[in-house]
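Hi,

Here is the model we talked about, with the sequence alongside. Have a look at it first, and then read on for what turned up.

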Protein chains: 2
Amino acid sequence: MPERIFNFSAGPGVLPVEVLEQAAKDIVNFNNKGIGLIEMSHRSKDFIAVADETEALLRELLGVPKNFKVLFLQGGASLQFAMVPMNLLGPGKKGAYLNTGVWAKKAIKEAKLFGEVQVAYTSEASNFNHVPAQSDYKVDDDAEYLYFVSNNTIYGTQFQAFPAAKQMLICDMSSDILSRPFDFSPFGLVFAGAQKNMGPAGCTVVFIREDLLDRSPANLATMLKYKTHADADSMFNTPPTFAIYVIGLVLKWLKKLGGLEAMAKLNRDKADLLYQTIDASSFYRGHAQVGSRSTMNITFNLPTPELEAQFVKEATAQGLDGLKGHRSVGGCRASIYNAFPRQGVEKLVAFMQEFERRNS
Amino acid sequence: MPERIFNFSAGPGVLPVEVLEQAAKDIVNFNNKGIGLIEMSHRSKDFIAVADETEALLRELLGVPKNFKVLFLQGGASLQFAMVPMNLLGPGKKGAYLNTGVWAKKAIKEAKLFGEVQVAYTSEASNFNHVPAQSDYKVDDDAEYLYFVSNNTIYGTQFQAFPAAKQMLICDMSSDILSRPFDFSPFGLVFAGAQKNMGPAGCTVVFIREDLLDRSPANLATMLKYKTHADADSMFNTPPTFAIYVIGLVLKWLKKLGGLEAMAKLNRDKADLLYQTIDASSFYRGHAQVGSRSTMNITFNLPTPELEAQFVKEATAQGLDGLKGHRSVGGCRASIYNAFPRQGVEKLVAFMQEFERRNS
């Protein structure tokens with residue numbers, strides 16, 4: 001095996017090598033049982049134990065309250081954009097949204113199909129370079145919920161403190177779940193696609209307060225009702241067994257590292273290395289406002305698009321892969337999820353400093 | 001590695017060992033590129049090549065006409081039960097259904113939420129032990145389509161010839177796709193969950209005639225419109241990359257074996273071994289009527305439930321795993337999908353004969 005590259009992809013993203021190596025064994029021969037993991041019936045005793053352990057670890061590491069169901073669904077965060085209002089809005093019901101980027105906008109678009117929408121705040125005019133402070137917006141009294149995206153991958157912004165509202169919060173945590181501890185109590189529903197901090201693409205984890213399960217309209221398709229999946233322990237139909245299994249492995253790795261407090265510190269340290277490099281330079285400019293900076297996705301620009309292209313090309317050649325920014329921001333983006341090694345951040349910092357010396 | 005068991009699971013089901021071994025390598029280090037398959041961005045050049053190859057192989061092996069789109073979706077066949085009528089029915093529009101088992105019934109239930117339904121035939125009174133002949137039903141002239149399930153896993157029935165109707169056909173081929181060649185021309189839409197003959201759970205392949213893409217109501221959620229996925233080459237959001245990759249490996253294996261004609265012959269031969277054993281015995285009784293017998297799932301009963309339990313227990317101890325029938329039929333079920341080895345069928349036949357001698 002050649003040297004492993006440093007994978008700055010925004011998602012699917014880097015996973016711990018020990019997780020990949022364990023998965024490689026179990027794919028051919030799960031637990032030495034003479035059957036591959038992906039060949040096992042989802043209703044077999046062995047697979048049910050896998051799913052139960054994954055759920056138990058999620059509950060333990062995240063401190064999920066007992067009155068929340070944990071669901072393993074499919075369709076990505078994008079299907080949740082519709083499922084949330086399909087289940088919780090309806091004629092005359094309103095959802096409040098904080099528009100902090102493309103993924104929030106897409107959620108707003110879907111919500112408008114199924115109810116009223118209040119866009120309580122938008123940072124679109126400044127190309128989503130910040131998330132709002134509590135004092136920046138007011139949620140309508142008659143809104144059912146306040147929806148926000150905790151971390152905005154494309155722009156590199158992240159809520160440092162979560163919004164406070166009299167309504168329950170609903171959050172798309174796809175790109176920073178498991179990166180830091182948080183308190184579930186103000187939330188009604190939290191969801192996250194697995195493919196950044198949790199595992200492979202193909203599974204979306206939904207945490208939903210049990211009392212919300214009965215709100216869905218009767219004429220909603222069976223597969224789109226949260227209650228369908230809650231009542232069947234996510235086995236109403238065949239769940240994405242491989243993704244659930246890998247999520248379990250990632251959670252074991254995370255627990256061994258010390259859990260979310262330890263992870264948050266590692267993430268803070270990695271991000272600080274990059275932000276300090278940006279702040280110490282007049283060559284690199286961060287896209288996100290300082291108070292909104294993400295620990296997961298660090299976005300920055302160079303003096304010209306030509307230098308940005310050159311930077312990405314040279315970095316790639318050195319095994320620093322996936323640094324090209326999203327087209328809507330341009331420039332560069334370093335996605336440094338939980339499993340991204342500090343050593344790779346150090347190598348990027350050294351490369352940035354060296355590139356600046358050669359080109360400024 | 002201990003001896004590999006013979007896995008008669010109805011799904012997720014057995015996969016070729018060489019596929020599992022290749023997946024094990026690529027999960028840690030894809031193509032020696034220093035990055036694992038499941039860590040790769042779905043928009044990377046390398047993953048797009050994987051998805052393109054999987055689609056090209058599906059088109060080649062199945063002879064998919066140029067005017068069909070091939071989509072890699074999530075949510076299983078169960079989400080298709082709703083997506084089909086959500087996209088193709090609506091107020092005043094009717095779908096005709098052949099009710100040949102639980103999966104057809106579930107599709108009928110969803111269709112009733114979004115349009116009118118004609119149940120043109122049902123075999124429920126005989127516990128779904130057969131599928132209808134063409135002369136057994138008449139489809140209403142004003143139906144938009146005729147929907148059927150080509151193979152009914154639970155009951156072990158399969159259409160030997162597909163229905164003919166003036167309407168386009170829509171088919172759930174989850175449990176026998178790629179088991180035999182067929183002509184796409186009477187079809188408007190074909191879908192199949194991957195986890196029986198194609199790969200791991202977590203991906204549903206949809207083949208849809210292009211002219212149908214514009215029929216969806218405007219107020220349908222973005223993720224539930226087929227056109228969304230067709231326009232984005234199944235990359236509107238992050239697709240289930242691992243499942244798409246494994247499907248590609250399975251298709252390469254299938255092509256090497258000689259494609260669908262060769263596969264159909266192997267499947268016929270394997271099934272015949274079991275049906276001959278059943279027919280030569282008064283101890284075993286097949287559930288499916290002779291003309292409706294499936295090559296994929298062979299269902300049979302023993303003289304008493306006690307003997308059935310004993311049979312399953314002893315078989316399991318000999319490495320013949322997953323033979324317990326579905327609770328709605330009882331008895332035993334041998335699922336022998338494409339990747340199930342003939343050697344395992346021979347071992348089961350020998351065990352059946354020996355068990356009969358000891359217990360009759």
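How do helix 1 of chain A and helix 1 of chain B run relative to each other, roughly parallel or roughly antiparallel? They are roughly antiparallel, a label used for angles over 145 degrees (under 35 counts as roughly parallel, 65 to 115 as roughly perpendicular and the rest as oblique).

Some housekeeping before the details. This is a predicted model, in which local features need pLDDT of at least 70 and side-chain atom pairs count only at pLDDT 80 or more, while totals for chains, interfaces and linings use all residues. Residues are numbered from 1 along each chain as its sequence is written, chains are lettered from A and ligands numbered from 1 in the order in which they are written, and side-chain values use heavy atoms, with hydrogens and water left out.

**Where the chains meet**

The two helices, residues 17-28 in each chain, pack at an angle of about 175 degrees with their axes 8 Å apart. Helices (H or I, at least four residues) and strands (E, at least two) are DSSP runs numbered from the N terminus. Axes are lines fitted to C-alpha atoms, for helices over the stretch in contact, and angles run from 0 to 180 degrees between N-to-C directions. From helix 1 of chain A, Leu20(A), Glu21(A), Ala23(A), Ala24(A), Ile27(A) and Val28(A) meet Leu20(B), Glu21(B), Ala23(B), Ala24(B), Ile27(B) and Val28(B) in helix 1 of chain B. Contact here means heavy atoms within 4.5 Å. By class, the residues of this contact are 10 nonpolar, no polar and 2 charged (nonpolar: Ala, Val, Leu, Ile, Met, Phe, Trp, Tyr, Cys and Pro; charged: Asp, Glu, Lys and Arg; polar: the others, Gly among them).

Across the whole interface, 59 residues of chain A touch 59 residues of chain B. Together the chains bury about 4500 Å², 63% of it on carbon and sulfur atoms; that is the accessible area (1.4 Å probe) that two parts lose on being put together, summed over both. Val28(A), Ile38(A) and Glu39(A) supply 14% of what chain A buries against chain B, more than any other three residues.

**Symmetry**

A turn of 180 degrees and a shift of 0.0 Å along the axis lays chain A on chain B with an RMSD of 0.0 Å, so the copies are related as by a two-fold rotation axis. In chain A, the C-alpha nearest that axis belongs to Ala24(A), 2.0 Å away. The superposition is by least squares on the C-alpha atoms of residues with pLDDT of at least 70 in both. The copies meet through the same surface, because 100% of chain A's interface residues are also interface residues in chain B.

**Inside chain A**

There is an open sheet of 7 strands in the order 2-10-9-8-5-3-4, with mixed pairing (two strands pair if DSSP finds at least two bridges between them). Strand 2 (68-73) and strand 4 (116-122) of chain A stand at the edges with a single partner each, so one side of each has no neighbour in the sheet. Strand 3 (residues 94-99) and strand 5 (residues 143-149) of chain A pair in the parallel sense over 4 bridges, and Ala96(A) stands opposite Leu146(A) in strand 5.

**One oddity**

The peptide bond from Gly11(A) to Pro12(A) is cis, with omega near -10 degrees. Pro12(A) sits in the loop between strand 1 (6-7) and helix 1 of chain A.

Cheers
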